[in-house]
Structure formats: structure tokens, C-alpha cells
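Me: Can you walk me through this one? I'll throw short questions at you.

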Amino acid sequence: MAERIKYSYRAHEKAGQPPGTPLFIGRRKMEEVRVSYIRYNENLHEEKENSTPKECADLCKSSDVVWINIEGIHDTGAIEKIGELFNIHSLTVEDIVNTMQRPKFEDFDNYLFIVLKMLSYSDINTGMETEQVCMILGENYVITFQEKPGDVFDAVREQIRGCRGRIRRAGADYLAYALIDAVVDSYFLILETIGDQIEEVEDQVFMEPNPDNVSKIHRFKRAMLFMRRTVWPLREEISLLEKSGSDLVRKPTVVFLRNLYDHTIQVIDTVETYRDIISGMHDMYLSSVSNRMNQIMKVLTIIATIFIPLTFISGVYGMNFRYMPEIGWKLGYYAILGFMLLIGIVMLLFFRKKKWI
Amino acid sequence: MAERIKYSYRAHEKAGQPPGTPLFIGRRKMEEVRVSYIRYNENLHEEKENSTPKECADLCKSSDVVWINIEGIHDTGAIEKIGELFNIHSLTVEDIVNTMQRPKFEDFDNYLFIVLKMLSYSDINTGMETEQVCMILGENYVITFQEKPGDVFDAVREQIRGCRGRIRRAGADYLAYALIDAVVDSYFLILETIGDQIEEVEDQVFMEPNPDNVSKIHRFKRAMLFMRRTVWPLREEISLLEKSGSDLVRKPTVVFLRNLYDHTIQVIDTVETYRDIISGMHDMYLSSVSNRMNQIMKVLTIIATIFIPLTFISGVYGMNFRYMPEIGWKLGYYAILGFMLLIGIVMLLFFRKKKWI
Amino acid sequence: MAERIKYSYRAHEKAGQPPGTPLFIGRRKMEEVRVSYIRYNENLHEEKENSTPKECADLCKSSDVVWINIEGIHDTGAIEKIGELFNIHSLTVEDIVNTMQRPKFEDFDNYLFIVLKMLSYSDINTGMETEQVCMILGENYVITFQEKPGDVFDAVREQIRGCRGRIRRAGADYLAYALIDAVVDSYFLILETIGDQIEEVEDQVFMEPNPDNVSKIHRFKRAMLFMRRTVWPLREEISLLEKSGSDLVRKPTVVFLRNLYDHTIQVIDTVETYRDIISGMHDMYLSSVSNRMNQIMKVLTIIATIFIPLTFISGVYGMNFRYMPEIGWKLGYYAILGFMLLIGIVMLLFFRKKKWI
Amino acid sequence: MAERIKYSYRAHEKAGQPPGTPLFIGRRKMEEVRVSYIRYNENLHEEKENSTPKECADLCKSSDVVWINIEGIHDTGAIEKIGELFNIHSLTVEDIVNTMQRPKFEDFDNYLFIVLKMLSYSDINTGMETEQVCMILGENYVITFQEKPGDVFDAVREQIRGCRGRIRRAGADYLAYALIDAVVDSYFLILETIGDQIEEVEDQVFMEPNPDNVSKIHRFKRAMLFMRRTVWPLREEISLLEKSGSDLVRKPTVVFLRNLYDHTIQVIDTVETYRDIISGMHDMYLSSVSNRMNQIMKVLTIIATIFIPLTFISGVYGMNFRYMPEIGWKLGYYAILGFMLLIGIVMLLFFRKKKWI
Amino acid sequence: MAERIKYSYRAHEKAGQPPGTPLFIGRRKMEEVRVSYIRYNENLHEEKENSTPKECADLCKSSDVVWINIEGIHDTGAIEKIGELFNIHSLTVEDIVNTMQRPKFEDFDNYLFIVLKMLSYSDINTGMETEQVCMILGENYVITFQEKPGDVFDAVREQIRGCRGRIRRAGADYLAYALIDAVVDSYFLILETIGDQIEEVEDQVFMEPNPDNVSKIHRFKRAMLFMRRTVWPLREEISLLEKSGSDLVRKPTVVFLRNLYDHTIQVIDTVETYRDIISGMHDMYLSSVSNRMNQIMKVLTIIATIFIPLTFISGVYGMNFRYMPEIGWKLGYYAILGFMLLIGIVMLLFFRKKKWI
């Protein structure tokens, strides 16, 4: 399963370092750090794929909105250098390269620091995968740090390029909002996928429960646990961001953040509902299995119960006593066969009357 | 089941759109958008079935109270146009056409935005159906957006027509209150229906539990889960509305909202009680089934236990040893039959004494 | 069971009425509305059984304390007339005739409105019965509305008549306190009764569990659920009353309300403890039953297990092979009987050593 | 069990009395009310065993600290007289003689009223016993009301006599603190005892579970429930006392109360941990018993399963057909015995391979 | 198990001592008290292994930062003397020598008192071990009290020695922060270890559940319970420390404390997740075991069920009736064998069709 329960892969390396020492904690997912930027204002729009931190820092001196995207955070030296260029606190740098963060929001007067988690999910057997995205929101720039190439921000890029929505007219704060919104939207997609799969398993549990269901239910449970751990702090984070009163978040953007907050509540709501449903499914499974088992044992026991007395009767006439009058009767054999048949039928009728079969 | 666990039917389309883009999310339930209005003051009252947004917007310039009802929200273009006519924020328009909202209240200075959920329920097998109603409360008008024709507001219409209660003397805020009240009243009706059905199933569980009960209990659980998700945010919504301090809600109406809040608490209370009862029923069912099963297995096992030793005895006298004195006895056969009868009776008495049968 | 789970008996009639329309919701429990009053001050005391609302309203103009008791609330017209006489808000009148209220407190400047629930309980099979008491506390009068004759207020009447305690020296607020106190005291009585019954069932569960216990436990659970629903809002109600700061509650009475609040906490505490105990009893019952069942099945299975191998041996010597040397032995029969006895004993010893019997 | 679930022994007498009427509620535990006092300041120390309330009240006029201890509270008249001497509110007097109080703190300007519960515990079969201690903290005196002789305050007396610690230099508030501290310390002793016993039962549950464990676990659960009910309100009580801001509690004592509060938290923490552990033990017991039972049933069923086919074979050769070739074979008997042995061994190997035995 | 449930080893000695009397509560873990110090400022750094309290107290008069580490707290006299030298409240001294403290923070104007718990864990069978660390943070010194030599602070020492990070440039408050940080980091290490072990057991539970798993799960549960009890108050402690507003904590350090607080939240989050996972594992185990057991019983019962009717048939032809036509048939024996085979096969097919095997 991808949503590992292990807290950290390199906690043993981390322990012992002075606080504020950037140390990459996580799995290295790509080779080199790649820096790209998108710069835009209401009229122009410029993109560059392979840029350098220095070049980006210079861009930020203009009044345009600049979105600097950094892919790959395992090179702590490079990240530290970016930190210096943009005047970022050493604790923030430490947090950026530690992929084991919870979503959180911190206000460092000259910038806001936002930690997000991108989730990807396709199949319950492979489980959920997570990628940490850190965001620095400055006066007129947003810096995003991703673990590896590929993200859920293409839609935002399209909006900037195609000049759709209000993004080109708004500032860096709106860009930050749009990015967080893209992450939350991606959660809805995951919930949609997982919801379908849950319904599928649920139908199976009703129809023909099998042990495989248990492990699937167990995995769904775990995936929801994982998602919950991601979304609850996100909700708090957005609420703090909305209420921060920081100058970096302009008033019109606050309305959007409030809307985003509602979306997060919806995600939480859905996650909690799924959790309830999954837990109900487990109960259903147990009922269903125990019902089947009872059914089987009952039938088998009834068969045995019918034949045991009959066997006894045949045993009686198998005894070798010299003086057993019935033995000599002409129709004794048929009489006893009939008697046994009768007993069998009476027992069956009795069981049926009792509604046991 | 109607109360689908899937969050959204078109989340995959939604994701990627710039925020504020109205995109219909839901199942299309009717053909064309229909606009109707009721306009009234203390003295006059006027209704029109097939009106246009433009006409309605003009009406609102008078001092009369106007209730504009829009059925069908799948035509995002039409809704957007209405939004422009009434000066509605783009985020609100986006929310109106997204039927996956939770009940919520938002205060946009010039209007209040209220999301409600109408529920309909008849039978546990078909489950609960939901229809979203969005409400815009302006200075002297209320606009309601429904997914399809048919609603729970006929009583309000009757009050307006018949000039019953204080509705004709009060403003648009009272109209909004009356509409929310109608929705909450409809929840009571549903709870009444479902309460009767729960009691019915409960009696069955006591009398003769069958596997069908389990799935019904499961469905009741799910329906209550669903209802709870609807009513909890409603409670918060009404509380916010009551305390909003908006100029759009006049003081006399606040008393009514407080009363409505109490009703919502009552609904929640009942839902929570039903949940407790349903969960108790599941336990009862398990106890009941396990009790029956134990009873059956005990009887069957006792039958087997009585005959197995008897069969053994008959087996002994079925052995072919040449020198078995009892074999030759005149009354050996009868003696042994009597002996077996005796053993059987002793065992029965023993089991009875032990209270096993 | 009396503590019906159905929310309302006439929700379907209620729905559709304009808010503030008094509509009797409940079961009619008596024929005619009866109005009586007790009027007193430190020196005099006067009672009248069959009075009229008008007469009572006139009395209230004096400075004496007047307690007006109205039995029967199904006649909404009569109640409305009383409402007009005492200047009561239409929402309050609506609440008075709706017996499905939760205990609540509302402050309408000129009077306080208090909803209480009288409970009566004798036997777990008939369950709890509830009667709603609404109270209007005005400047120098208290009006109580009861569903039917008979209440828990006789002690208060005796105190007024006998001039016991401080009631005759205190105002209407103290009277209201004394009445609420009487209701809370009656809860203690019920808890005492039900506590004894719980202990009785608990002993049975330990000694000889039977299926009847389950349904009793189930009913206790339900009764406590019901009581809890009644007492929790009562606690809040008294707290609000104590802290209301209304002029209608004088300072010395606040000390008594604080004391009453403590009593309510005690009731809640006891109810919660009972709930814990009842839930523990259910577990005990399951353990106990499963233990007995295991015991029985074990003994039966051991009997079968001992005889099955012996039957096999006898079967072997029942075979008809021509050349079976043992058959011809003089003492073969006795030898084999002894051998079988030996095997039986060995098995018994083995089972005993394993602590299976 | 001593920790009775019944709320009150005489609720039925209490109900109907006007509030503020002292009525003894509890079990009478001694014959006569005994009044004793300890009076001290930094230099002198005086004790008297059989004093009178009057004498004590006179002592309090000096500036020395006076601790008046009253044993026996069933004589409501005597308690009322003390109440008058020390100017105590009638509600307080009522509370003192009602042994069914929860721990609570009340501030009556001229004195503080504190209710405590002394617990005593030795064995889980006799359960916990409780004795109520009420405390009145005045300017320079502390009055304690106990139900019967014998308490946990001997250590405090020794400190006063031996002039140990700061007690002789401090005021009445420190004395009150020291007494509450003694009660809390006694809880630690009980938790130590009960903790040892829980560990003992836990070992048994692991090693050889027996039904007796269940009832012990049940009793531990109940004892912890009881203790919890006692300690939670105590925590609140001490917190209120610390923060009361009453002139009767001097500043240096507040530090000690804060420390005492920490101790209460520790008690609660331990109680909650025990509850978790006890609840885990119940699960362990069920697992353990079901494991043993499964083990037994499996072995027995395997024995039966092996012999049933063998018996069938012997049955076949016990048939009386005239033409059965094997019957006539010289070594038929031995061949068939060998065959049966083979089948038995094969089945055993099969079961072993399947890891069933 | 090391995480003993007993609250205190010497509660019975403690009870009866006046408050503020230092009394060692815990297990003595070393012989003599050892005092060492590290003294540093930005330029110099000095360490001494065997120092005396007096010498340390003198050092603190300089403006350098001094970290005094005391190992061994069982010698209450020595601790009291240190308390006097540094002007520590007697309640603090009492707390230092009581190893049963919960993590807590107290602000005594001239110093801050911090209680921490170092945990060590290697194997679930030996369980968690705990060592209490008390910390006094003064103007320019930190005093740590440990139960025995060996701690998690070596990394901090290395930072001081190697002049790494900002520790040498910062004050005593930063040192205190660094020490707490080291403790929290060590929790991450433990969680990493225990997380691996949980995954291992989880795999076993899926593959081949055995009773040993139960006791391991039980121990994991207990260990997490224990860890939780340690970390929850720690979180509160750090929050209080951050918000204390004490002059002893300088502003730049507060940022670090906020970061530390986030780490604590992460620890709690992980602990809670593990708890959920462990509890899920228990359910998995039960499902898994019951599934296996059902499988076995089903197969065994099916074997018995097939042979019982066959044995009956053979019993019929073992009867000694004189007139049984089939007996005389030439091919009777083969016919009946064939018939029995047929019945066996039919039953097998029937069971297979029913999906019972």
C-alpha cells in the first residue's frame, strides 16, 4: 500500500541535526531540480521552462505576477540558495525539504508559507500516493516547490494562458488561491473514483461476500484515514489563511477563500460519510458471512441428525441375539425400512414446522 | 438507493474550470427553465406562470414583495443572465448551478444567499431523494432556484393567496423564513413516515428476524446518515441567518427564525435518536439470530448425543464373537432394548436438569 | 412502549399551516379545559377549582402572587383567548399546544416561557410516559399548562397551604423555581425505581441469563435514551434561566436556581451512569450466554467424541470376515469390552488433563 | 457491590419537601453526633475531643486557626443549629445532610462550601465505599462534616501536632487545601491497590481465562466508572476554587491549589488509562476464550472426522450379503485393518499439512 | 511490560507527608548523584564532568549560558540543596523527585519549570521505558534533572561543541528549546521503529494469523496508549510555553517553539493513526481467525455429513432379518457399493453447486 504508515523514512538521520538545518526527508523522485516560471499581467504573459532561481528573483522586482515552480526538492543546497534569494526563514527551508509535513499555514510577515498535499489515486490495491507542494506567497510572486514533475495545476496554467476567468486581472494572492483550489478540486475527483469503487464492493458484500472483500474494506478504511489526515489540517489552514488579516491577501480574494473553505468542508463531509459507510460495510460483511455459515452448518447438522437415529435402528437389528422375534418375520425387513422412512419424514416435517429448514 | 454516496457526477468536468465559472453539476431533471412570480402586498396579490427574468427584475423596482421562482437550473446561460439582472456575485451563480452544495448561508451585502435541500422519501428501498433549492433574499424580493417542478411550498402559496397568517403584512424576509419553515416542516413529515417504518422492522426483528432485516437496517442507517448531513449544516445556517445582523432581516422576523432554529434542533434530535435506535436494532438482530441458531444447534446436537451411545451398544451386540453369553439369553434382546431406553431417558433427564433443553 | 419513537402524531396536519397558527399536536387526554388558581401572599391564601381565564387575569392586577393552572390544551381556541388576555406572543401559544416540544426557555421581555416534561414510570414493559408542562412566568403570576389532570406539584401546593418553607414570603419567580424543582425531584424518584429494576435484571444476567433479559436491557436503554433527551435540554434551560438577567427573576432566587442546576447535573450524571451500566449488562449477557452455550456444546461434543471410536471398534468386530482369529477366542468378547472401557477412560483422563471437562 | 447504582435511598422522602429543608439522605453510620476541634497558630496547639458547637463558635472569634470536625450528620437538628451559629445558608445545610452530592464548590461570600468524597477500597468483591465530607472554609476556621468516625486526615493532624511543613504558619485556607490534598492522596493509594489487582487479573486472562474473570473485569469497570464520577467534578471544583478570587483564599495558597489541580489531572489520567486497559482486557478475554474453545472443538471434530469414514468401512464388511468375495479371503481381515489404518494416517497427515492440528 | 500501569511505586509512603516535602517516588536507577555542566557563549565553550551544585551556581552569575545536568534524583537532600542555591519553590523540588509526573509547564516568575518524558523502545515484548527529565529555565541557565545517565541530548552537546546551528549565538531559552526538540525528535525515531513492527505484524495477520498476534496487538495498543498519555500533555505544555509571555523566552525563540509545536502535533497525529491501524488490525485478526475456523469446521462437517448416510446404508444391510431379498443377489454387494458411491458423488456435487466447498 502506498499510504505507508511509517512516519518518516529518515527520522534517524534527522534526529541530531540542529533545528533549521535543511535535510531532505522523503523518497527522491527525480534527478535534477528544475526551475520554471510564468509571468503575467492583464496584458502580457510569458513562460520559461528552464530558468534559474536568480533570474526568477530578478523578475519579481517588476510589478507583474510571477509564479515560480520548482520541481525536485532533494537538493537541499539549491533550495537553501533560493531561500536566501527570497529572504526565507531557515525553518521554512527546513520544512520545504521535509516531505513529511502536515498541511499548514504560517505567516512570516514578508511572506506566507503554505504546505499542501497533492493526492493521486487509481486503484485500492496500489493505494493513495501523495506529493507535497509547498507554496511561498510574496508581494507579487508565488513559489511552488514540488517533489517531482507532474501536478494538478495544468488547469490554472490554461487559465493564465487563455486569459480565462479573472486570474490575469488579479494578483499573486488570487494565483495562490487558484492553486489551492486546484488541489481541492483534485480531491473531489479522487472521492468520485473511490466512491464508485466502494459502491462496487458494497454490492459484492450484499451478493456474495468473500474474504477478499475484507482486505478491500480494510484498505478503503486506511485510504480514508489517510485522506482525513490530509484534509482536516487543510481546512484549518484555509480558515487561518482567510482570517489571517495579512496584507498579502487582498480583500476580494477573501471571498474566494471563504468559498474554498466551503469546498474543504464538503470534502471532509464526504470523507466522513465514506468512513461511516465503510464501517457499515464491514458489519454487513460479518453479518453476511455468518449468515451463510450458519445456513451451511444448519443443513449439514440436520442431515446428520436425521441419519443418526436411523443408523441406530439398523444397528439394533444388526445385533446377533438368538431370540429376536422380528428377525424371523416375513415382512420384518420391509416393515423396518418403512418405519425408518416414517421417522425420517416425521423429523423433516418437525424441522420444517420449526422453520429450521 | 437514491442517497448516492458519490459526491459528484461531473467532478471531472468541474476540475479545471476557473473559479466562478458556472457549470451545471447534477442530473438534468426537466426540459426548459421556467420562470414564475408571485407579487403581493397587504392589499393586492398577483401571480404569473410563464414570466421572464427581465419582467421579474422590473417588478422588483416597486415596493411590493416579489417571489420569483425558477425551475430548472441546467441552463447555465439563463442563470447567468438572471445573475446579471439582479447583480449576483459570480461565485453565487456557480453555487446555484452546482446541485452538490451543502446547506449554507452567505451574506453578500446587497443580498443573502441561502442553500436548502428538499428531501422526499416514501419507501426505504427507493431511499431518499434530494432536490436543491437556492434562495436569494434581496430588499423586497426572494428568488428561488429549483432543479425541477414540484416543491413543498404550496402551503406558502396558499397562505399568500388566502391572506392567511401574517405573510401578506410582512416583508420579503418573512417570505424567506416561511419558505425555509416549509422545508423544515417537510423533514418532520419524512421523520414521521420513517419512524413508523422503523417501528415495523423493529417488531419483526423481535418476532422473527430474517436476513432481509439486515439490509433494511443498513438502509435506514444510510438514510439517517444522509438526513443528518443535510440537517446539521441547516442548523448552523439558520443560526447564522438569525445572528447575521443583516439589514435584510427585520427584527420581528428574528423571533420567527429563533423558533425555526428550535425546530431544526428538534429534527436533529429525532435523527440522532433514530440513529441510536437503528444501531440498537442491529444489536438486537444479532442477538436474536444467534439465539435462534444456538437453539437449533443445541437441539440437533442433543439428538445426536443421545443416539450415539445407543448406537454403540447396538454395535457391541452386533459383534460376531463366538462366546457372547448375553446373545444366547432368552430375554437378552428385550433386556438390552430396555437398557437402551433407560440410558436414553437418563440422558434426557440429565439434560433437562442441566436446563439444556 | 410508551416512549414512542415517532416524532409527531400530526406532523402531516401541521405542515402547511402558517407559522404562529396554534394547532394541537398530541394525544387528547381529557375532555374539557379546566382553569384553577391559587393566590397568596405572606398573610393570605386563596384557591379556586373552576375559574375562568378572565377572572384569573383580573386577579393578576393585585400585587399577590397568582398561580394559574390550566389542565387540557387541546382546545386551541381557549388557549388563544388566554394568550390574548395575558399578552402572549402567537409563537408561544403555538408552542403551548404542541406537545412535541423539547424543554426550552425563551425570554419575551414581558414574560418568560418555560417548557418542561413531566415523566411517569412504573414498569419497564409499559415504559415511560411523558406530559408536557408549559409555564409562563410574569411579573406576579405563573401560568402552567398541563395536558391532563394529575401532576407532581402537590408538594408545592402543600407548601403554599401549610405556609412551609419560604414560598409564601417569596415572589412568582420562586414559585416557578419550586415547580421546576418538583419536576426535577420527580426525576430522582424515577431514577430510584429504575435503578432498582436494573440491579434486579443485572443479578439475573449473572445468574441465569435468558432471552427475556435482552429485550429488557433493550427497553432500559431506550428509556434512558428518552430520559436523556429530556434532561439535557433541561440543564441548558435552567442555566439560561439562571443567567438570563431578566428582571422577572429576583436575585435571591438565582441562588436556588444554581442549586437546581446542580440537581439537574446529578440527574444527567445518573442517567449517563445507568447508560454505561446497561451497556455493560448487554456485554455481560452476551458473555454469559456464549459461555453457557460453549459449555453445553463442549460436553455434548465430548460425549460424541468418546463413543465414536468405540463404535468403530465394535463395528470392526461386527465384520463378517471368515478368518478373524479374535472372534474365536474364549475371552475375546470380554477382552474387547475391557479394551473399549480402557479407551474410554484414557480419553476422559486426557480431556480432563487438558482441562476440557 | 458497594458502589451502588441507586441514586438515592430516600429520594421518595425528599421529594415534596420545600427547598432548603434539611433532610438526611443516606445510610446512618453511627449513633451520636460528635464534635471535636483543633486550634492552632504558629506557637500554640490545642485539641479537644468532645466539644460543643457553641464552644467552637466562640473559639473562632480569636485569630487562631480552628478546625472543627463533626462526625455524624444524620441528626439534622444538630446540623441546623451549627448552621445558625456559623451563619450558613439553608441550602448549604440541606446539602450537608444529603450524602448523595457530587463534589462541588460554592462561594457564599462569607464562606466557601466544598463537597468531597472519601473513597475506601480493599477488594474488588466488596467494591468501593464512599463517605461524603463537606467543608466550610471561613475567615479563620474550617468545619468538616463527616458521615462517621475514621478518615484520611490523620496525616494532617500529625503535621499540625508535629509542626511539620508550613501548616502552622499558614491560615485556614492552607488547612482546607491540606485536607483536600489528603483526600486526593488517598485516591492515589486506591489506584495503586486496584492497579496491582488489575495486573493480576490481566495475567490470568492471558494464561488461563475463566468465567470468574469476566465478573471481575465487570466490577473493575464499574469501580472505575464510580471513581471517574467522583474525580471529574473534583477537578472542576479545585479549578473553580483556585480561580474563585475569593478573599478567603490567600495568594500563596493558590500555588498549592494549582499543584493540587495537577494531581487531580493525574488521578483522572490514571482512571482513564485503567478504563482503557480494562476494556482491552475484556477483548483479550473474549479472544482468549474463543481461541480455547475453537481449539477444543477442532480437536474433537477431527477425532470424529477420522473415525466416521472408518466406521463406514467396518459397516460395509458387516453387511450380510451372501456374495462378498473379500469376506472369504484369508487375509481379508488384516488387509482391511491395514487399509483403515492407512486411511487414518492419510487423514492425519492431510490435517497436519493444512495446519489444522 | 515496561509501561507499567501502576501509578506509583510508593504512593503509600507519599500519602501523609505535608505538601512540599520532597520524597523520591520511582525506581532508583543509579548510585550517586552526578553534576556536570556545559558553559558557553559565542566565543568560548567549557565542560566539566564532576562538578558541584555550588560551583554551578557561581558560574551562573556570569553572563554566559550554563547548562547544568544532574543525573540521579533519588537523593532528595542533594536536590533540596540545589533548590535552595537556585531559589526554587519547594513544590518544584517535590515535583522533581517524583518521577510519576505528567509533562507540564509552570511559570514561577524567576524561572520556568518544564517536565519532560524521555522514552526508549526497542522491542514490543520489553515495551516502552520512560525516564523523567525536569528542566529549570532561568535567566541564563538551564538545569536538567535526569533519573539516570544516558539521554537523547548528545546531538545538542555536539551542536554546542561544534558550534553548529545558532545555539552558540542564542540564549538559555534556545538551549531549553533545543533540548525539548531533541526529546520530540526521539519520539519520531520510536514511531519509526514501532511503525515498521506494526507493518510486520499486520502482514502476518493477513497471511497466517496466530494467537501470538493478539498479544502483540494488545501490547502495541498499550504502548500507543502510553505514548499518547505522554504526548498530549506535552503538546499543551509547549503551547503554554510559547504563549506564556514570560521574559525568560525571547521573541526569536518563539518562532522555533511554534515549529516545535507543529512537530508535536505530527507526533500526536501519527500516534492516533497507529491507534486506528492497530484497532483495525484486531478486527482483521478476528475476521481472519474466524474465517479459517469456519473453513476447517465446514470441511470436517462435510466429511461427516457424507459418511453418515453411507454408514446408515451399510447398517441396513448389516441387519439380520431372515428375509432380505437383496442379500441373496449375486451382485447385491457391488450394486450397493455402487449405490453408495453414487450418493457420495451426488452429495459432493450438491455441496459444490451450493459453493460450500
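Me: What RMSD do you get when chain C is laid on chain B, and by what turn and shift?

Reply: The RMSD is 0.1 Å, after a turn of 72° and a shift of 0.1 Å along the axis. That is the relation of a five-fold axis. Copies are superposed by least squares on the C-alpha atoms of residues with pLDDT of at least 70 in both.

Me: Any caveats on the model and the numbering?

Reply: This is a predicted model: local features need pLDDT of at least 70, side-chain atom pairs count only at pLDDT 80 or more, and totals for chains, interfaces and linings use all residues. Residues are numbered from 1 along each chain as its sequence is written, with chains lettered from A and ligands numbered from 1 in the order in which they are written.

Me: Which residue of chain C comes closest to the rotation axis?

Reply: G318(C), with its C-alpha at 4.7 Å.

Me: How many residues of chain C are in contact with chain B?

Reply: 43 residues of chain C touch 55 residues of chain B. Contact means C-beta atoms, placed from the backbone, within 7 Å.

Me: Which helix of chain C gives the most to that side?

Reply: α8(C), with twelve residues. Helices (H or I, at least four residues) and strands (E, at least two) are DSSP runs, numbered from the N terminus. α8 spans 251–316; among the others supplying at least two residues each are α7 (211–243) and α10 (332–353).

Me: And the chemistry of that side?

Reply: It has 22 nonpolar, 14 polar and seven charged residues. Ala, Val, Leu, Ile, Met, Phe, Trp, Tyr, Cys and Pro count as nonpolar; Asp, Glu, Lys and Arg as charged; the others, Gly among them, as polar.

Me: Why do the copies meet through different surfaces?

Reply: Only 14% of the interface residues of chain C are also interface residues in chain B, so the surfaces differ.

Me: Switching to cores. Which residues touch the most other members of the largest nonpolar one?

Reply: M135(D), L137(D), V142(D), L175(D) and A176(D), out of 88 residues. Such a core is a set of buried Ala, Val, Leu, Ile, Met, Phe, Trp, Tyr and Cys residues joined through C-beta atoms within 7 Å. Buried means 20 or more other C-beta atoms within 10 Å of the residue's own, with C-beta atoms placed from the backbone.

Me: Which helix gives the most there?

Reply: α6 of chain D (172–207), with 18 residues.

Me: What does L175(D) contact, leaving aside neighbours within four places in sequence?

Reply: V65(D), W67(D), V142(D) and I167(D).

Terms used. Buried ≥ 20, exposed ≤ 12 C-beta atoms within 10 Å, placed from the backbone. Contact = placed C-beta atoms within 7 Å.
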